[in-house]
Amino acid sequence: MSLLVSEELSFRIPVELRYETSDPYAVRLTFHLPGDAPVTWVFGRELLIDGVGTPCGDGDVRISPADGDSLNEVLIRLQVGNDRALFRSSTAPLVAFLDRTDKLVPLGQEGALADFDAHLDEALDRILAEEQSAG
């Protein structure tokens, strides 16, 4: 990907894209900026899917085609407070990545892997046990 500093200045940086079936709703982008520790952003897989074709997102992550007439490149805007970064990527590697994630966990089937009720029950049991041992 390229880190866009201005319209005239950009830098190519390595970015690792990851998808973990243990967190099937999310994708991870780890940016390896020169001289800094890697920075990982986690956001919804659907946001990346939607952003390849149409502007979407609000808040800290916004994704859109770079040019309204062409779907060859994607812009990814990341923001924390007043700090912002804008990245540009070719669409093809993002689509290939998303295709691999869909082979692991088809879109709409994430709930089969994400057993939120079991995690909630486990957390509530732990809290109840701690309250009983304290009281």
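Which residues does S89 touch, not counting residues up to four places away in sequence? In this predicted model, S89 touches M1, N72, E73, V74 and L94 when residues up to four places away in sequence are not counted. S89 is found in strand β8, which covers residues 83-90, and with a relative accessibility of 8% this serine counts as buried, because buried means under 20%. The points below begin with the protein chain as a whole and then turn to particular residues.

**The chain as a whole**

- The secondary structure of the protein chain comes to three helices and eight strands, and from the N terminus on these elements run in the order β-β-β-β-β-α-β-β-β-α-α.
- The radius of gyration of the protein chain is 19 Å, which is well over the 14 Å that the globule rule gives for 135 residues, so the chain is more spread out than a compact globule.
- Taken along the principal axes, the box that the C-alpha atoms of the protein chain fill is roughly 65 × 35 × 25 Å.
- Of the 135 residues in the protein chain, 30% count as buried.
- The protein chain exposes an area of about 8,700 Å², and carbon and sulfur atoms supply 51% of that area.
- When the contacts in the protein chain with a separation of 6 or more are considered, 31% of them are accounted for by residues that stand 24 or more positions apart.

**Charges and salt bridges**

- The protein chain carries 11 positive and 24 negative side chains, and the centres of these two sets lie 7 Å apart.
- Side chains of opposite charge can pair when their charged atoms come close.
- In this model the count of such pairs comes to six salt bridges, and a network of salt bridges links R18, E20, D23 and R28.
- Within that setting, R28 forms a salt bridge with E20, where the closest N and O atoms are 4.0 Å apart, and the side chains of R28 and D23 also meet in a salt bridge, with 3.0 Å from N to O.
- R28 is buried, since its relative accessible area is 13% and buried means under 20%.
- The two acidic partners of R28 in these pairs are E20, which is partly exposed with a relative accessible area of 28%, and D23, which counts as partly exposed at 27% relative accessibility.
- Another salt bridge joins D99 with K103, and here the closest N and O atoms are 2.7 Å apart.
- D99 and K103 are both in helix α2, which covers residues 91-104, and because they are four residues apart there, about one helical turn separates them.
- D99 counts as partly exposed at 39% relative accessibility, whereas K103, at 62% relative accessibility, counts as exposed, the cut-off for exposed being over 50%.

**Residues in loops**

- P14 lies in the loop between β2 (10-12) and β3 (15-18), and once its neighbours within four places in sequence are left aside, P14 is in contact with T30, F31 and H32.
- P14 and W41 are 27 residues apart in sequence, and their C-alpha atoms are 14 Å apart in space.
- D60 has its place in the loop between α1 and β6 (61-67), and with a relative accessible area of 44% this aspartate is partly exposed.
- Leaving aside its neighbours within four places in sequence, D60 is in contact with W41, R77, L78 and Q79.
- For one of these partners, R77, the separation from D60 is 17 residues in sequence and 7.7 Å in space, taken from C-alpha to C-alpha.

**A residue in a helix**

- D50 has its place in helix α1, which covers residues 45-53, and D50 is partly exposed, with a relative accessible area of 39%.
- D50 and A129 are 79 residues apart along the chain, and 43 Å separates their C-alpha atoms.

Key: Residues are numbered from 1 along each chain as its sequence is written. This is a predicted model: local features need pLDDT of at least 70, side-chain atom pairs count only at pLDDT 80 or more; totals for chains, interfaces and linings use all residues. Side-chain values use heavy atoms; hydrogens and water are left out. Helices (H or I, at least four residues) and strands (E, at least two) are DSSP runs, numbered from the N terminus. The radius of gyration is taken over C-alpha atoms; the globule rule is 2.2 Å times the number of residues to the power 0.38. Buried means under 20% relative accessible area, exposed over 50%, partly exposed in between (1.4 Å probe, protein chains only). Contact means heavy atoms within 4.5 Å. Accessible areas come from the Shrake-Rupley method with a 1.4 Å probe; for residues, only the protein chains shown count as cover. Lys and Arg count as positive and Asp and Glu as negative; His and the chain ends are not counted. The place of a charge is taken as NZ of Lys, CZ of Arg, CG of Asp or CD of Glu.
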